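Visitor: Could you take me on a close look at the place where the ligand sits? I would love to see what surrounds it.

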Amino acid sequence: MKPTILLTGKTGQLGCELNRLLPRLGEVIAPERNELDLREPEKIRDVMRNAKPQVVVNAAAYTAVDAADADEATASAVNAEAPRLLALEAKNVGALLVHFSTDYVFDGAKRSPYLETDRPNPINSYGRTKLSGEEAIRNSGAAHLIFRTSWVYATHGRNFLLTILRLATEREELKIVDDQVGAPTCAFDLAQATTEILTGIIAKTKSDFISPELKGTYHMTATGQTTWYEFAKAILEEASRAHQDLPWLSSARNARPIIARRVLPISTDEFRSPTRRPAYSVLSNALLMETLGLTLSNWRTQLQRCFSAEVSSRLPTTLFPSR
Ligand SMILES: NC(=O)c1ccc[n+]([C@@H]2O[C@H](COP(=O)([O-])OP(=O)(O)OC[C@H]3O[C@@H](n4cnc5c(N)ncnc54)[C@H](OP(=O)(O)O)[C@@H]3O)[C@@H](O)[C@H]2O)c1
């Protein structure tokens, strides 16, 4: 089978990496935003019916966590209603829907890694809308894989890695939240794991359609855990060791030197964000390993790789040592 793959969100952190990797598997149709705005149900139907994909990879989302609290209607249109429609259309054409969700479906009260069987209880609009999207997909009857991930960053886009590097060129002292625990996950590793999983599924599919029995929700994050404060310190450590001519690093610093000398831990209360975030959102990846045979590497290893090479173009194709 050489599938037609519809990819949404190709300008995003994850979508950009998937747009580089998925053409190995089949013909990729990745519409521009003006061709497919996920707030417009008619556009979703038209694109799905014209493309007639065998696989839909939905890497698009409304990911601005603070803004989602102020505009839950738009967040809901993109994160809940659009996945629902994609799933219904996928079911009609017999396609597999691959979708991404978030650690923020949980409230953060647990102190050991969340399992897929743990009860979600989102505490902000982003988490609520993403959970609604998941539920709509699970209820649609379409073949689907939902990968919940966390703290996504890349060497492009809007993310914590690039924010810290920019702030470090502007301030001598950075104050970073130290009481939220999670697993920073590089978009490249996520895209590569997704591509490996799809490669296996496509290789096993003898007909033109993916089995409608293929259904599952999996946690897919880097292994290990850290806080935003420790993550910020690790970023600055790696930046101080890295080759300063790395194009993405130079662009993140806007060609200015890093002047930050101190990183200080603060509490979530001191940070004074109006949006609540889970204090603990580490996800167990055991099911992914047991069922699909994949483990992503440790968060620190993923970060180091960003600083040691152009992550998207020079990395080896197999990153899963435990396989
Ligand atoms: N970022 C994180 O920390 C994080 C954490 C956990 C889970 N996730 C999940 O991981 C997945 C990928 O996230 P990401 O970080 O790669 O996202 P991202 O970098 O914010 O990219 C989002 C993508 O969605 C597109 N998009 C947004 N609104 C749209 C609309 N109305 N119509 C069409 N496209 C639209 C954006 O297009 P434009 O460029 O045109 O705006 C962009 O291509 C998402 O499902 C997200 O919920 C992310």
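Guide: Here is a walk around the ligand, and then on to the sheet beside one of the helices we meet.

This is a predicted model, in which local features need pLDDT of at least 70 and side-chain atom pairs count only at pLDDT 80 or more, while totals for chains, interfaces and linings use all residues. Residues are numbered from 1 along each chain as its sequence is written, and side-chain values use heavy atoms, with hydrogens and water left out.

Let's start with the shell: 25 residues lie around the ligand, each with a heavy atom within 4 Å of it. Thr 11, Leu 38, Thr 63, Tyr 126 and Lys 130 come nearest. By class, the shell has 11 nonpolar, nine polar (Gly counts here) and five charged residues (Asp, Glu, Lys or Arg).

Now look for polar contacts, meaning pairs of N or O atoms within 3.5 Å. A ligand oxygen is 2.5 Å from an N or O atom in the side chain of Thr 11, and Thr 63 offers a side-chain N or O atom at 2.5 Å from a ligand oxygen. For the side chain of Gln 13, the distance is 2.9 Å. Taken alone, the ligand exposes 910 Å² (Shrake-Rupley method, 1.4 Å probe), and the protein buries 83% of that.

Which elements supply at least two residues each of the shell? They are α1 (13-21), β4 (96-102) and α5 (125-140), named from DSSP runs of at least four residues for helices and at least two for strands. β4 gives the most, with three residues.

β4 also belongs to an open sheet of six strands, paired in parallel in the order β2-β1-β3-β4-β5-β10; a pair needs at least two DSSP bridges. β2 (27-29) and β10 (215-219) each have a single partner strand, so one side of each is left without a neighbour in the sheet.

Finally, α1 packs on this sheet, touching β1 (4-8), β2, β3 (55-58) and β4, where contact means heavy atoms within 4.5 Å.

How values were computed
Polar contact = N/O pair within 3.5 Å; in protein donor to acceptor, adjacent residues only side chain to side chain. Axes fitted to C-alpha atoms, helices over the stretch in contact; angles between N-to-C directions.
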